[in-house]
Amino acid sequence: MANTFTPFGFRPIMNADGSAWSGNQTLRRIVATSAVPLFYGDLVSVLATGYITAGAASATTALGIFVGCRYVPTAFGYMRWSNFWPGSGQNTAAGDIDAYIIDAKQVVLEVQCTGSAGLTI
């Protein structure tokens, strides 16, 4: 069976001490006017304003891993949970988006990447 290229972003596997990851997440905010989409497993970084945004693949520091959000879609008009933030035009005047991230320092993450160079931590 051949290996397939099916990128999935970062995903938690376990804690560094070998124990199971407990699923703990931290609530952060995405500014309501953000046009930057975020998907499950994406790196996020923090802005000077305290809001989060997508982290660059070449970034030397990251705040954590995006795992989902709650917001009020324009099409529905009521709060919904999603494992991605689609970007601008999706949020009503309900305010900022609640974003959930994994930011624990001891979580072991798995990721698939391309290229011949290894991923440096």
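1. In this predicted model, the side chain of S34 reaches the backbone nitrogen of V36 at 3.3 Å. S34 itself is found in the loop that runs between strand β2, residues 26-30, and strand β3, residues 38-39. Although S34 is placed in a loop, the residue counts as buried, because its relative accessibility is 10% and the cut-off for burial is under 20%. When neighbours within four places in sequence are left aside, the contacts of S34 are with W85, G87 and S88.

2. As to the overall architecture, the protein chain has ten strands and zero helices, so that reading from the N terminus on gives the order β-β-β-β-β-β-β-β-β-β, as the DSSP runs define it. Buried residues account for 26% of the 121 residues in the protein chain. The accessible surface of the protein chain comes to about 7600 Å², and 56% of that surface belongs to carbon and sulfur atoms. Among the contacts between residues at least 6 apart in sequence, 59% join residues at least 24 apart, and the pairs discussed in the points that follow can be read with that figure in mind.

3. Which residues does D98 contact once its neighbours within four places in sequence are left aside? They are L27, R28, R29, G68, C69 and R70. D98 is found in strand β9, and its side chain makes polar contacts with two arginine side chains, that of R29 at 3.3 Å and that of R70 at 2.5 Å. Is D98 buried or exposed? D98 counts as buried, because its relative accessibility is 9% whereas the cut-off for burial is under 20%.

4. Side chains of opposite charge can pair when their charged atoms come close. The count of salt bridges in this model comes to two. In one of them R29 pairs with D98, the closest N and O atoms being 3.3 Å apart, and this pair links distant parts of the chain, with R29 in strand β2 and D98 in strand β9, 69 residues apart. R29 is partly exposed, because its relative accessible area of 39% falls between the cut-offs of 20% and 50%, whereas D98 is buried at 9%.

5. R70 also forms a salt bridge with D98, and here the closest N and O atoms are 2.5 Å apart. This pair likewise links distant parts of the chain, since R70 lies in strand β6, residues 64-71, and D98 in strand β9, 28 residues apart. At 32% relative accessibility, R70 counts as partly exposed. Salt bridges that share partners join R29, R70 and D98 into one network, and a reader inspecting the model may wish to view these residues together.

6. A pair of aromatic rings is described by the distance of the centres and the angle of the planes. The structure holds three aromatic pairs, among them that of F39 and F84, which is stacked, with 5.9 Å from centre to centre and 20° between the planes. The pair links distant parts of the chain, with F39 in strand β3 and F84 in strand β8, residues 84-85, 45 residues apart. Both rings belong to residues that are partly exposed, F39 because its relative accessibility is 42% and F84 because its relative accessible area is 29%.

7. Another of the aromatic pairs is that of W81 and Y100, which is tilted, with 5.5 Å from centre to centre and 55° between the planes. This pair, too, links distant parts of the chain, for W81 lies in strand β7, residues 80-82, and Y100 in strand β9, residues 97-102, 19 residues apart. How do the accessibilities of the two partners read, buried or partly exposed? W81 counts as partly exposed at 46% relative accessibility, whereas Y100 is buried, with a relative accessible area of 17%.

8. Taken together, strand β9 carries both D98 and Y100, so that residues of this strand, as the DSSP runs define it, take part in the salt-bridge network with R29 and R70 and in the tilted aromatic pair with W81. Both of these residues of strand β9 are buried, D98 at 9% and Y100 at 17%, while their partners R29, R70 and W81 are partly exposed.

Conventions:
Residues are numbered from 1 along each chain as its sequence is written. This is a predicted model: local features need pLDDT of at least 70, side-chain atom pairs count only at pLDDT 80 or more; totals for chains, interfaces and linings use all residues. Side-chain values use heavy atoms; hydrogens and water are left out. Helices (H or I, at least four residues) and strands (E, at least two) are DSSP runs, numbered from the N terminus. Buried means under 20% relative accessible area, exposed over 50%, partly exposed in between (1.4 Å probe, protein chains only). A polar contact is a pair of N or O atoms within 3.5 Å; within protein, one must be able to donate a hydrogen and the other to accept it, and residues adjacent in sequence count only if both atoms are side-chain atoms. Contact means heavy atoms within 4.5 Å. Rings of Phe, Tyr and Trp (its six-membered ring) pair if their centres lie within 6.5 Å; planes under 30 degrees apart count as stacked, over 60 as edge-to-face and the rest as tilted. Accessible areas come from the Shrake-Rupley method with a 1.4 Å probe; for residues, only the protein chains shown count as cover. A salt bridge is a side-chain nitrogen of Lys or Arg within 4 Å of a carboxyl oxygen of Asp or Glu.
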